[in-house]
There are 2 protein chains.
Amino acid sequence: MSTMTIARLAREGGVGVETVRYYQRRGLLDLPDRPAGSGLRGNVRRYGDEDIRRLRFIRSAQAAGFTLEQIGELIELDATEDRSRARELANQRIEALDQKIAELQAARKSLHRLAHDCAHGKAGPCPILTAFDGD
Amino acid sequence: MSTMTIARLAREGGVGVETVRYYQRRGLLDLPDRPAGSGLRGNVRRYGDEDIRRLRFIRSAQAAGFTLEQIGELIELDATEDRSRARELANQRIEALDQKIAELQAARKSLHRLAHDCAHGKAGPCPILTAFDGD
DNA sequence: ATAGGTTCCGTACCATAGTACGGAGTCAAG
DNA sequence: CTTGACTCCGTACTATGGTACGGAACCTAT
């Protein structure tokens with residue numbers, strides 16, 4: 001699988017072709033050389049497993065809450081010896097994740113109570129506007 | 001606290017004045033009448049506790065992952081008897097939250113492992129690009 | 001060798017959720 | 001009764017992360 005076209009790469013990464021091109025523009029994915037083949041300006045670009053890995057990393061890092069800009073830094077960092085910066089970014093994100101997770105769990109609790117009150121309440125509208133009170 | 005200016009309302013809600021005005025434009029917050037006082041075109045608008053509650057609801061609902069558009073629907077729903085729609089929205093969001101929470105917890109785990117490997121690894125760069133492998 | 005599907009690339013556009021600007025009006029203290 | 005802060009309002013701009021468009025080149029199967 002070492003010579004895919006961009007459509008295949010996109011499919012492997014679970015994104016659209018335009019998204020791959022967008023990541024290339026952002027410098028997150030490499031733009032391979034066009035192999036100077038038959039055509040006048042060269043062949044179509046080819047992608048390999050390394051590109052798939054990179055693309056999947058981008059999606060995972062995004063799911064972890066990193067911005068594309070931070071992901072760019074992570075990718076650059078991966079090639080350096082700067083262990084402390086890498087740890088710093090990871091630990092910052094873990095803290096943010098812990099906060100976010102707690103927030104979402106609190107929200108979940110409120111929504112659960114709302115759904116319950118809403119299902120078993122006597123009459124009238126569900127108490128939506130007060131759903132998050134006391135959290 | 002039944003006659004605040006917009007700056008006070010914003011402060012109580014933890015947002016900026018421009019954000020309050022934005023929510024008014026979106027129809028999420030009411031635009032109270034300008035009390036026809038001394039001035040030619042009326043006084044400045046005044047806000048009350050109801051507005052604070054509404055604003056805080058908006059922020060909480062946002063934290064729960066609702067979009068502003070959905071929040072608009074929730075606010076309208078609060079005035080109706082449509083219990084099933086309210087429950088539907090709440091339950092949909094709970095499902096999405098459960099997914100999101102699981103995703104963030106997985107990401108947290110990966111980052112934790114990365115930080116650890118990065119701290120105790122022998123030499124060379126941290127294995128950033130492979131941090132999410134095997135999740 | 002020709003039709004159709006892809007690729008390439010620049011540029012433009014989109015949604016979401018704000019944030020900023022500027023000028024006129026209004027308010028509150030001194 | 002002026003000065004400085006705040007309000008009002010429309011309009012424009014921003015950030016983030018894409019998505020769409022269009023024409024030329026290219027590639028593949030018939």
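Let me begin with how the two copies meet: 100% of the interface residues of chain B are also interface residues in chain A, so the copies meet through the same surface, where two residues are taken to be in contact if their C-beta atoms, placed from the backbone, lie within 7 Å. This is a predicted model, in which local features need pLDDT of at least 70 and side-chain atom pairs count only at pLDDT 80 or more, while totals for chains, interfaces and linings use all residues. Residues are numbered from 1 along each chain as its sequence is written, and chains are lettered from A, with ligands numbered from 1, in the order in which they are written.

On that shared surface, 39 residues of chain B are in contact with 39 residues of chain A. The elements of chain B that give two or more residues to this side are α3 (49–63), α4 (68–77) and α5 (83–120), with helices being DSSP runs of H or I of at least four residues, numbered from the N terminus. The largest share, 21 residues, comes from α5(B). By class, the side of chain B that touches chain A has 23 nonpolar, six polar and 10 charged residues; here Ala, Val, Leu, Ile, Met, Phe, Trp, Tyr, Cys and Pro count as nonpolar, Asp, Glu, Lys and Arg as charged, and the others, Gly among them, as polar.

Turning to symmetry, chain B is superposed on chain A by a rotation of 180 degrees with 0.0 Å of shift along its axis, at an RMSD of 0.1 Å, the fit being by least squares on the C-alpha atoms of residues with pLDDT of at least 70 in both. That is the relation of a two-fold axis, and in chain B the C-alpha nearest the axis is that of Ile101(B), 3.0 Å from it.

How do the two α5 helices cross? The axes of α5(A), residues 83–120, and α5(B) come within 8 Å and cross at roughly 160 degrees, the axes being lines fitted to C-alpha atoms over the stretch in contact, with angles running from 0 to 180 degrees between N-to-C directions. That makes α5(A) roughly antiparallel to α5(B), a term used for angles over 145 degrees.

Finally, within chain A, the domain assignment gives domain 1 (1–80) and domain 2 (83–135), and 35 Å separate their centres, taken over C-alpha atoms. Six residues of domain 1 of chain A are in contact with six residues of domain 2 of chain A, and the domain 1 side of that contact divides into four nonpolar, two polar and no charged residues.

Conventions:
Domain bounds come from an automatic or database domain assignment. Angles under 35 degrees count as roughly parallel, over 145 as roughly antiparallel, 65 to 115 as roughly perpendicular and the rest as oblique.
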